[in-house]
Amino acid sequence: MAAFASLGLSEWLVDQCKQMGITRPTPVQENCMPAILEGRDCMGCAKTGSGKTAAFVLPVLQKLSEDPYGIFCLVLTPTRELAYQIAEQFRALGKPLGLRDCIIVGGMDMVTQGLELSKKPHVVVATPGRLADHIRSSDTFDMKRLRFLILDEADRLLEQGCTDFTKDLEVILSIVPAKRQTLLFSATLTDTLQELKSIAMNKPFFWEHKSEVRTVEELDQRYILTPEKVKDAYLVNLIQKFQDEHDDWSIMVFTNTCKNCQILTMMLREFKFPTIALHSMMKQKQRFANLAKFKSNIFKILIATDVAARGLDIPTVQVVINHNTPGLPKNYIHRVGRTARAGRNGVSITLVTQYDIHLISAIEEQIQAKLKEYPVQEKEVLKILTQVNVTRRQCEIKLEATDFDEKKEINKRKQMILEGKDPDLEEKRKNELAKIKREKTKFKGRIQEAIQKKKGKMLKKRATCKTAPSQTVPGPS
Ligand SMILES: Nc1ncnc2c1ncn2[C@@H]1O[C@H](COP(=O)(O)OP(=O)(O)OP(=O)(O)O)[C@@H](O)[C@H]1O
Ligand SMILES: [Mg+2]
């Protein structure tokens, strides 16, 4: 407790931490908080579950209590669920201040959000897309006096993944004052360091938790080598085993697509496992409701896409299963980081097919640790194999009947409209591009063919030259 005070935190905040069971600062808090309190920009890179959120929430609250006004602090984060979680931390730790926060995320009512923004909350926690929409469409709020800009999961916000935030970030950066403190946090900052430095211009204090292994020691990292067709049977077998042996454990299963997420959820429910889904094709209210049911242990198994891979802090999660091997080592680090948090133990099991072995090598190289094989009773798995595969097929048919793919298409079109694009025009462009590509390939093929023919002819010619008897010039008779 004394340690928090010695970092420069006021007594009321130290007390508030104590009430929440936080008595000693973690290394990222111990190292980054003094720099933030001094007024410096800060980039903090520390392992998953190591308390990065409090490392920025506490100094902001301290500064806010000295000079309270709104909008004082803006936190940007890549997912809606994470925005709610961060706002909760602000609310809990900032309770004695009467902190007013506002959450601006997609999928929720924009008018209500606009109204809240106009009331000048102390802290705004937002996903970039929706906040940029508000900036573009309304002049009822400004951020001229903003003191803190925070990017949680900063590397994700800056990388150009399937959701590209860069344009929205530009809009947001255009309305925040240049004179501000910028704080950037993630468990995987180092790849995007240069881009990040350009956002935190004020000679940022950079702190990285140096350690040989990039995942936490308390995490037992395993893999199971499996043919693609047997994957689901392994999943059912693992869940059955954990449910039988530890009825208080919660399990997160990550998979690659929304459709797979939906099918696996349906399939596990057929096996009577208390399973619930979380993916970006669900309505936002449903997403929040499902996560809440998982957090409160009503459902013990959450099947999710990477939308749940970063930042979520659910202490009961004891096991993370990767139903697909993540293509990017970074995503692996965040996914498995949903367990073994804040010093607790946890297990992660990655299902690896013969096509994914190179991905595992890349992951091992990145995390600087070897995954160990998870022992399984293959006989048990084989016993359920047919039943599992038949059930999966039945679920796929059921899902097809619900127009899941059609809804996906509609969502895609909606997203395009929101981005100011014309879906029909885009479709036309896409088709034209595909046509050009096809013609290019055809043309390349023809050239290749012609070259081959020419080569063949030349070879033939050479060969006949070699085999033909040398023609001697007849000498004088
Ligand atoms: N000093 C502390 N002592 C004990 N627990 C703490 C401390 N600081 C934070 N925690 C708790 O640790 C848990 C993980 O914290 P947090 O979510 O901030 O981790 P993180 O570093 O942001 O992880 P991720 O990279 O996954 O986002 C939370 O439940 C939080 O309340
Ligand atoms: Mg975090």
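**From helix 11 to the ligand shell**

In this predicted model, helix 11 covers residues 231-245, and its 15 residues reach 21 Å from the first C-alpha to the last, which is close to the 21 Å expected at 1.5 Å a residue. The buried residues of helix 11 are D232, A233, Y234, L235, V236, N237, L238, I239 and F242.

One of these buried residues, Y234, is also the position at which a feature taken from UniProt begins, for an unreviewed entry there places "domain: Helicase C-terminal" at residues 234-382. Over residues 234-382 the chain is 41% helix and 19% strand, and the C-alpha atoms at the two ends of this stretch are 9 Å apart.

The chain as a whole is divided into domain 1, residues 4-208, and domain 2, residues 219-406. The centres of domain 1 and domain 2, taken over C-alpha atoms, are separated by 30 Å. Across the boundary, 17 residues of domain 1 are in contact with 16 residues of domain 2. On the side of domain 1 that touches domain 2, the largest share, four residues, is supplied by helix 5, which spans residues 80-93. That side of domain 1 is made up of four nonpolar, eight polar and five charged residues.

Both domains also take part in the surroundings of ligand 1, since the shell around ligand 1 draws at least three residues from each of domain 1 (4-208) and domain 2 (219-406). In total 19 residues surround ligand 1, and the closest are T48, G51, K52, T53 and A342. Helix 4, residues 52-66, gives the largest share of this shell, with three residues. By class, the residues of the shell divide into six nonpolar, nine polar and four charged.

A last stop is L399, which has its place in helix 16, residues 378-400. Is L399 buried or exposed? The answer lies between the two: L399 counts as partly exposed because 15 other C-beta atoms lie within 10 Å, whereas a buried residue would need 20 or more and an exposed one would have 12 or fewer. Which residues does L399 contact, once its neighbours within four places in sequence are left aside? They are Q262, I263, M266 and F404. Of these contacts, Q262 is 137 residues away from L399 in sequence, although the two are 8.1 Å apart in space, C-alpha to C-alpha.

Terms used
Residues are numbered from 1 along each chain as its sequence is written. Chains are lettered from A and ligands numbered from 1 in the order in which they are written. This is a predicted model: local features need pLDDT of at least 70, side-chain atom pairs count only at pLDDT 80 or more; totals for chains, interfaces and linings use all residues. Domain bounds come from an automatic or database domain assignment. Two residues are in contact if their C-beta atoms, placed from the backbone, lie within 7 Å. Ala, Val, Leu, Ile, Met, Phe, Trp, Tyr, Cys and Pro count as nonpolar, Asp, Glu, Lys and Arg as charged, and the others, Gly among them, as polar. A residue is near a molecule or strand if its C-beta atom, placed from the backbone, lies within 6 Å of it. UniProt positions are given in the numbering used here, feature names are shortened, and annotations may be inferred rather than shown by experiment. The expected span of a helix is 1.5 Å times one less than its number of residues.
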